[in-house]
Amino acid sequence: MAFVQFSQVSLAFGDRDILKNVSVNLQGGTKAALTGANGAGKSTLIKVMAGISKPDSGQRIVQKNARIGYLPQSGLTHSGSTLLQEADRAFQFGYDMQAEIDHIGDELKTNPPNTPSLVERQADLIAELDASGWHRRGAQAESVLLGLGFSREDFTKQTEEFSGGWQMRIALAKVLMQQPDILLLDEPTNYLDIDARSWLEQFLQSYKGGFLLVSHDRYFLDVTINEVYELFNGDLKHYAGNFTHYEEIRKVELQTLIAAYDQQQQEIQHLEDFINRFGAKATKAAQAQDRQKQLDKIVRIEIPESLKQIHFTFPPAPHAGKLVLRMNDITKSYDGVHNVIDDLSITLENGERLVVAGHNGAGKSTLLRIIAGEDRNFSGEIIPGAGVQIGYFSQDSAETITGNCSIVDYIESNAPFELIPKVRSMLGAFLFRGDDVFKSLNVLSGGEKSRIALLQLLLRPVNLLVLDEPTNHLDMHSKDVLMDALKDFGGTVVFVSHDRGFIEGLATRVLELTPGHSRNFPGDYKYYQERLEAERTGTVGEFSMTGSAAGGAASGQQDALLSSSESVQNGGQTSWEEEKRRKADRRRLEKDVERIEQQIDETEKQKKTLEEQMSRPDVYSDGGKCRQIQKVISELEIKLNELNVQWEEAAGKIE
């Protein structure tokens, strides 16, 4: 089994120890996460593991012929080839092996005697090449590229046509296509939407090699890994289990650590008080020096920044009515031919947390710009409720962060008076800690400016927050702080995010966009996912509710149809045309009754099938399956009741 082993590895930058006698063994089947506070040295450790950076001391042992794949956080670009041609470069290892196989074949032809070692080497290479999947590279490349969100039309595009985020997707695709023995992935989900993340989750779950990855997506980690390495102050500690389990154990450890920290701080304060009070007195000088020696010997306890409890709240949201925003028949096109958004109508109510979901290019960011008033080139109307004040965040918000003032001065100048004492804590929650708060705005990176723009927005008194990818550039702890603040926010939130854990923790309603179409799901994100899965498996029919009304849409259409059948003339006399219209209406009603009866029959069959499944031992012994099926049965019962009411109303009109 291929492996990469590190023993007593140490590395320092100046007087700071990044790695201190770190030991770890990665092998086939390893499914591990590497975690730690920002700046702890995670990327450095991965580079050492990949053989890119050299440690100051210690050993790095790689099994002979073991292949290691490495993906950095950012910075990779591609040019001079089409996407498929670039993808094929991922299989260079196979071309090299095939060349060696052919070379050995030529040698065997010219020097057949005394060549057992060559024959053995050729056999080993052929077996290794077959096992690597190289002969299926075309199908493998297509599968990976499509899984990561590329279209078939993209295959013939030049790689330089792709943006920075898609460039990193190309790099990720190439690493995965290689099927290395050990995968080292540094923030692989940074540039992926939910669909691509879901595909990567499934890929890693079935991956036969080993992998170590860094990610700030808790859900992604929970479903892909079964062990965690935490890097803190140069030390590496191992925890078995998924990421949530690690956090639970670490929480208990942190409580013990905080208690020890508080006790140590009291001891330090006591010693310092004695030294300051008696250090200058000749009669106490010896005792003061003794206390100083005790103070110098104390090994200071430090609490990881990523585990410090930070909480903040928004300024009180200005009062707004129950109806926050109404959108009627919104249609948006960029080319005048294809509608990105088509005839969308929806009503937002106070206190909702609406997530806009959909594939890349479905119009999510476009819709948020329309809601925020940034894009007015559309048809339809937007009617804001009384007293609505909108705050909008997008990745473009970072462009407004300029100037020579420091971060802390900039935030304090924009913060309400009552929040100024909390500014340093809030900056810490957004990854600006220690002397970082004194950085000038002009020297900040794009990611740092995005965090400043988000924090600045959250300080303003608004009652409708429109957030486009607010969790980009935040670590896991910062996402938790933001989510808690948004949960406590007294207004309404509309947001787009690719972080499933963040969405599941916040969303109370889902608006699904596909090009030119929309569907409204009145429930949390888990319900939305369960509903989609039920549709895929045929357990329930396709969910078709749109607009703001979650229920009653079908009955409303039925009422409108029924009202059209009532055509009575003066004195009860009807003309021939009216009698013809009445008969046509009756036929339509009869067809509608027939349609409802078919739906009732189909729904009863679905319910019966699920009830039969519930009686199977493999189902009723599995609590998860049992709950999921029972939930669908309950939904079908509700649907049956609604259909029966509709049938009675329609049949009554025919009589």
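Start by selecting helix H5 (residues 137-147) and helix H6 (residues 164-177): they pack at an angle of about 140°, with axes 10 Å apart. Helices here are DSSP runs of H or I with at least four residues, strands are runs of E with at least two, and both are numbered from the N terminus. Axes are lines fitted to C-alpha atoms, for helices over the stretch in contact, and angles go from 0 to 180 degrees between N-to-C directions.

Before you click on, note that this is a predicted model, where local features need pLDDT of at least 70 and side-chain atom pairs count only at pLDDT 80 or more, while totals for chains, interfaces and linings use all residues. Residues are numbered from 1 along each chain as its sequence is written, and side-chain values use heavy atoms, with hydrogens and water left out.

Back to the helix pair. H5 and H6 are therefore oblique to each other (under 35 degrees is roughly parallel, over 145 roughly antiparallel, 65 to 115 roughly perpendicular, the rest oblique). Now show side chains for Gln140, Ala141, Val144 and Leu145 in H5, which meet Ala173, Leu176 and Met177 in H6; contact means heavy atoms within 4.5 Å. Colour that H5-H6 contact by type and you get six nonpolar residues, one polar and no charged. Nonpolar covers Ala, Val, Leu, Ile, Met, Phe, Trp, Tyr, Cys and Pro; charged is Asp, Glu, Lys and Arg; the others, Gly among them, are polar.

Next, the six-stranded sheet. It is open, has mixed pairing, and reads S5-S6-S7-S3-S8-S9; two strands pair if DSSP finds at least two bridges between them. Pick out strand S5 (68-71) and strand S9 (235-240) at the edges: each has a single partner strand, so one side of each is left without a neighbour in the sheet. Neighbouring strands are turned by 15° against each other on average, direction ignored.

Zoom in on strand S6 (residues 182-186) and strand S7 (residues 210-214), which run parallel and are joined by five bridges. For a landmark, label Leu183 and its bridge partner in S7, Phe211. Then add helix H1 (residues 42-50), which packs on this sheet and touches strands including S3 (31-35) and S8 (227-232); its direction makes about 155° with that of S6.

Keep H1 on screen for the last stop, where it lies across S1, S2 and S4, at about 130° to S1. These strands form an open antiparallel sheet in the order S2-S1-S4. Strand S2 (16-27) and strand S4 (57-62) are its edges, each pairing on one side only. Finish on strand S1 (residues 3-13), which runs antiparallel to S2 with eight bridges between them; one to label is Val4, whose bridge partner in S2 is Leu26.
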